[in-house]
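Visitor: Please take one part of this model and go through it closely. I would then like to know how that part sits in the rest of the chain.

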Amino acid sequence: MAATASSAFFGTEPDRFDFAWPGHAVFGDGCAQQQLPAWAAGRGVRRLLVLSDAGLVKAGIVAPLVESLRAAGCAPVLFDGVAANPTLNNVRQARACWDAQHCDGLVAIGGGSVIDVGKVLVAGLCADLPIDEMLREGDRVLTRDAPPFAAVPTTAGTGSESTTAALVKDDQGRKHVLRSRRSRPQWLALDPGLTLSLPLSVTASTGFDTVMHALGAATNRATNPVGEALALQALALSMRALPAVLAEPASLKARSDMLLASYLAGVAMSLRGVDGIHGLCTPLEALVDVPHAHVLAVTCVPLMAFTLPAATLRYAQAARACGLGSPGDGDDALARALVDAIDGLRRRVGLPCTLAELGLRADALGAAADAAMDNASLRLNARQPTREEIAALYRAMQPA
Ligand SMILES: [Fe+2]
């Protein structure tokens, strides 16, 4: 079978793999304020662009970091115009700020949207090409060295701080994905204290995204064993920590576990990609404007039920890593226990389970089924659905 773009990026050939670790990460409550200034000074940054969004600035998360950077002599320049669904226009505005202020380093403080804009900005600084060509070609056309680039994630999470992907919308609302190892942050402060004030709804949806990243990377048909080990660790951690953090949002231990799981799932995803849960989700996201995890919560269980016969061993291995099932359970029972546990988690977290809850009808999803056929994540799924099977999967997401 000809290699697809996705299977080439995330190898599926047995006994062959490579891996590139993301940048230097520090972890711990308070580490961002304590160590970010030293990172910037150590890299010789004289004018640091601080990329964030207005909500985080208003919540008071950014000011202490900016102040500590100023005290260290890094002359921070704040750009807080990143939108919740970032656009190429956000990238152009940030670039204009970079040029006008003669910046020589960047820190992205925020969730996946802010970090994704940072990645695309850095990629643009490494290439002399129109932005759409640079997005399409990725690392192949990034000929200059990246400037110093740090990230401080404030959600747990999209894992954007460690993944190779960045998602931005163009002026027509179409989504583009940059795949690049070279434009990832080189330094990360994973500071769980910054996630303590995250609203419950965002905690739930970003946390469920982490579970889906870990699950997809652990059970798809990619062959990278380093990513597999990290994905299983991230899955076990996030399945336990997500209910805990929702029950006790002020628990630093639960917040720490979710932030670590998000980071590890991001690294795993950067090595193995995800699976058909995201593959069926992407075409639906073009039709509705709801949080990413709401769509994942609808697609996950039908896709897992479809995949189970071809992924029994992988699902059973994931179930064992999570401590599911009973002593003596065989692989079939364990694999089913994993599907049941994911079904139980989406309900416990309070996410939608049907297309109707998203405002969609399966009989109007012909174009979405066509689009799913071309989806790179679906091609990494352990069982490949036909066009008719995709339509049937969307029908299975209708309420009974
Ligand atoms: Fe995701």
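Guide: What follows describes the open sheet, then the core, the domains and a few single residues.

The model is a predicted one, so local features are reported at pLDDT of at least 70 and side-chain atom pairs at pLDDT 80 or more, while totals for chains, interfaces and linings take in all residues. Numbering starts from 1 along each chain as its sequence is written.

The protein chain has 18 helices and eight strands; these are DSSP runs numbered from the N terminus, with helices being H or I over at least four residues and strands being E over at least two. Six strands make up the open sheet, in the order β1-β8-β5-β4-β2-β3, with parallel pairing. Two strands count as paired if DSSP finds at least two bridges between them. The edges are β1 (24-27) and β3 (77-79); each has a single partner strand, so one side of each has no neighbour in the sheet. On average, neighbouring strands are turned by 20° against each other, direction ignored.

At one edge, β1 pairs with β8 (residues 187-190) in the parallel sense over four bridges, and A25 stands opposite L188 in β8. Towards the other edge, β2 is joined to β3 by three bridges, again parallel, with L49 opposite V77 in β3. β2 also pairs with β4, in the parallel sense and over four bridges; there, A108 in β4 is the bridge partner of L51.

The side chains of β2 alternate: L48 and V50 point one way, L49 and L51 the other, and all are buried. Buried means that 20 or more other C-beta atoms lie within 10 Å of the residue's own; with 12 or fewer it is exposed, and in between partly exposed, C-beta atoms being placed from the backbone.

Two helices lie against the sheet. Helix α2 (residues 31-42) lies across β1, β2 (48-51), β4 (105-110), β5 (149-153) and β8, and runs at about 165° to β8. Helix α4 (residues 62-71) packs on the sheet and touches β2, β3, β4 and β5, its direction making about 175° with that of β2. These angles run from 0 to 180 degrees between N-to-C directions, the axes being lines fitted to C-alpha atoms, for helices over the stretch in contact. Contact here requires C-beta atoms, placed from the backbone, within 7 Å.

L51 also belongs to the largest nonpolar core, which has 125 residues; L51, V107, A214, L235 and A268 touch the most other members. Such a core is a set of buried Ala, Val, Leu, Ile, Met, Phe, Trp, Tyr and Cys residues joined through C-beta atoms within 7 Å. Helix α10 (residues 252-272) gives the most to the core, with 12 residues. Domain 1 (2-195) and domain 2 (200-396) each contribute at least three residues to it. L235 touches V211, A214, L215, A218, A318, A321 and C322, leaving aside residues up to four places away in sequence.

The bounds of the two domains come from an automatic or database domain assignment. The domain centres, taken over C-alpha atoms, are 25 Å apart. Their contact takes 29 residues from domain 1 and 32 residues from domain 2. On the side of domain 1 that touches domain 2, α1 (5-9) and the edge strand β1 each supply at least two residues; α1 gives the most, with three residues.

Two loops leading into strands of the sheet each hold a residue with positive phi. D15, in the loop between α1 and β1, has a phi of about 60° although it is not a glycine. D15 is exposed, with 6 other C-beta atoms within 10 Å. H102 lies in the loop between α5 (88-100) and β4, with phi near 55°. H102 is also exposed, with 10 other C-beta atoms within 10 Å.

For the chain as a whole, buried residues make up 52% of the 400 residues. Its radius of gyration is 20 Å, which agrees with the value near 21 Å for a compact globule of 400 residues; the radius is taken over C-alpha atoms, and the rule is 2.2 Å times the number of residues to the power 0.38. The C-alpha atoms fill a box of roughly 60 × 45 × 45 Å along the principal axes.

Methods
Two residues are in contact if their C-beta atoms, placed from the backbone, lie within 7 Å.
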